[in-house]
Structure formats: structure tokens, C-alpha cells
Amino acid sequence: MRSSTYIPLLAVLALAGCAAVSPGTLPSVSVINSLTFDNAMSGKRDGLRSAWPAATLSGSSEHFPMAQVKQCDKDGAACSWGVLKAHRSFSKARVTPGGMEVDFEVLVDVDRSHQAKTQDQDTTMTIPANVSALQRKRLEKRTMVLAYGKPARIDFGYGINYDLCAQRLDAQGKPLDKCEVG
């Protein structure tokens, strides 16, 4: 008989424990995305890395700065150059128990010349006509489930990579997961 009186007490304690965890103590989530490539001038890895809070990811877009890329033959004697222009957008982002599910697209366009316009400036980058030029345009539309701390990569050729990683943050904004991208 005594054990039956403990069951309602345990239920009340369990509910009180759930109420004690406020939404502010749960970790927030951000998505890190990175577009990297070999810098045509220095040969070192270059690119842009940014982090976006999961709550603002749906409907967001990002234009990456234009850059020059090159690809040389095996002995490095003959090289072709290209102007890289890239853009990414997220249509949907949902937090799941093990990570983030994201619907996104990435456009990578390498050509002899590109132009970028913003409110403040108009930029054009062109490879001279007497230099062999690279050309490739590729649009990737995907739905991915990103496990926390596990980067996902899309290879676009010419040494161009796009990486994504979901990362939980504690209440102070410090990462709980390691996302090694870019």
C-alpha cells in the first residue's frame, strides 16, 4: 500500500523537474557555412566562413566575394584562370534531435569575367583574352540532415569546396560542438 502513495508524488516531482528547465537554458543552434578555394595568387587556401543562427536561416541568402582561381597542368607550366562568383540560399531549416535538416542551394560560377553589383559598389573582374580561361557553372539544390559537429562537403571542382556544419551553443554562446570547416 505504501508504494502506491509514492507514485503520485513521483509524478508531481517529474513534472516539477520538467518545469524547472526553462527554454533559455536549452542550447541554441547555428549553421556554419564556408566556401573555400586555392587563392590564385598565393596558392594558399582562401575563402569565406560565416555562422548563421538556425532561427534566421530559413529564407536567408549570401553572396560570396568574387575571387580568382586557377588550375595548372602537372608540371605547372600551363595554367588556366577563372573568376569565381558564388551564392547560397536556404529555403528551410529545421532543428532535429540530432542536428539540423536544411533545404538549400549553392551556385558556383567560374568564367572569364563576372560582375557584382551592390548598393555601394559595382565590381568587375576579368581574365585577359590572351590567358586560357576556366569555365564551369553548377547549381546544387539539396536537402541535408547535418549531424551536430559533423561537417558536410560539396566539391565543385577547381579546388572549390562548400562546407556546412550544425553547431549547438550554450547559453553564453560558446560552441558545444566542434565544426572544423573552411
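**A guided reading of the predicted fold**

Along the sequence, the elements of the protein succeed one another in the order α-β-β-α-β-β-β-β-β-β-β-β. This amounts to two helices and 10 strands, where helices (H or I, at least four residues) and strands (E, at least two) are DSSP runs numbered from the N terminus. The model is predicted: local features need pLDDT of at least 70 and side-chain atom pairs count only at pLDDT 80 or more, whereas totals for chains, interfaces and linings use all residues. Residues are numbered from 1 along each chain as its sequence is written, and side-chain values use heavy atoms, with hydrogens and water left out.

The overall totals come next. Of the 182 residues in the protein, 35% are buried; here buried means under 20% relative accessible area, exposed means over 50%, and partly exposed lies in between, with a 1.4 Å probe and protein chains only. The accessible surface comes to about 11,100 Å², and carbon and sulfur atoms account for 55% of that surface. Such areas are calculated by the Shrake-Rupley method with a 1.4 Å probe, and for residues only the protein chains shown count as cover. Among contacts (heavy atoms within 4.5 Å) with a separation of 6 or more, 57% are between residues 24 or more positions apart.

The interior may be approached through the largest nonpolar core, which has 31 residues; Leu84, Met100, Val102, Phe104, Val108, Ile160 and Tyr162 are the members that touch the most others. A nonpolar core is a set of buried Ala, Val, Leu, Ile, Met, Phe, Trp, Tyr and Cys residues joined through side-chain atoms within 4.5 Å. At least two residues of this core come from each of strand E1 (28–38), helix H2 (54–57), strand E3 (61–72), strand E4 (79–96), strand E5 (99–111), strand E8 (136–147), strand E9 (152–155) and E10. The greatest contribution is that of E5, with six residues. Another core, of five residues, lies apart from it and includes Ala40, Met66, Trp81 and Val83. Returning to Ile160, and leaving aside residues up to four places away in sequence, one finds that Ile160 touches Leu35, Thr36, Phe37, Val69, Leu84, Val108, Val110, Ile154 and Asp155.

A polar feature is found at Ser60, in the loop between H2 and E3. Ser60 counts as buried, at 8% relative accessibility. Beyond residues up to four places away in sequence, Ser60 touches Trp52, Arg88, Ser89 and Phe90. The side chains of Ser60 and Arg88 are joined by a polar contact of 3.2 Å, that is, a pair of N or O atoms within 3.5 Å; within protein, one must be able to donate a hydrogen and the other to accept it, and residues adjacent in sequence count only if both atoms are side-chain atoms. These two residues are 28 residues apart in sequence, and their C-alpha atoms are 8.5 Å apart in space.

The structure also holds two disulfides, each defined as a pair of cysteine sulfur atoms within 2.5 Å. In sequence order, the bonded cysteines pair as 1-2, 3-4. The sulfur atoms of Cys72 and Cys79 are 1.9 Å apart, and the torsion about their S-S bond is about 100 degrees, so this disulfide is right-handed. Cys72 is partly exposed at 33% relative accessible area, as is Cys79 at 23%.

The other disulfide joins Cys165 to Cys179, with an S to S distance of 2.1 Å. Its torsion of about -70 degrees about the S-S bond makes the disulfide left-handed. This pair links distant parts of the chain, 14 residues apart: Cys165 lies in strand E10 (residues 161–169) and Cys179 in the segment after E10. Cys165 is buried, with a relative accessible area of 0%, and Cys179 also counts as buried, at 7%.
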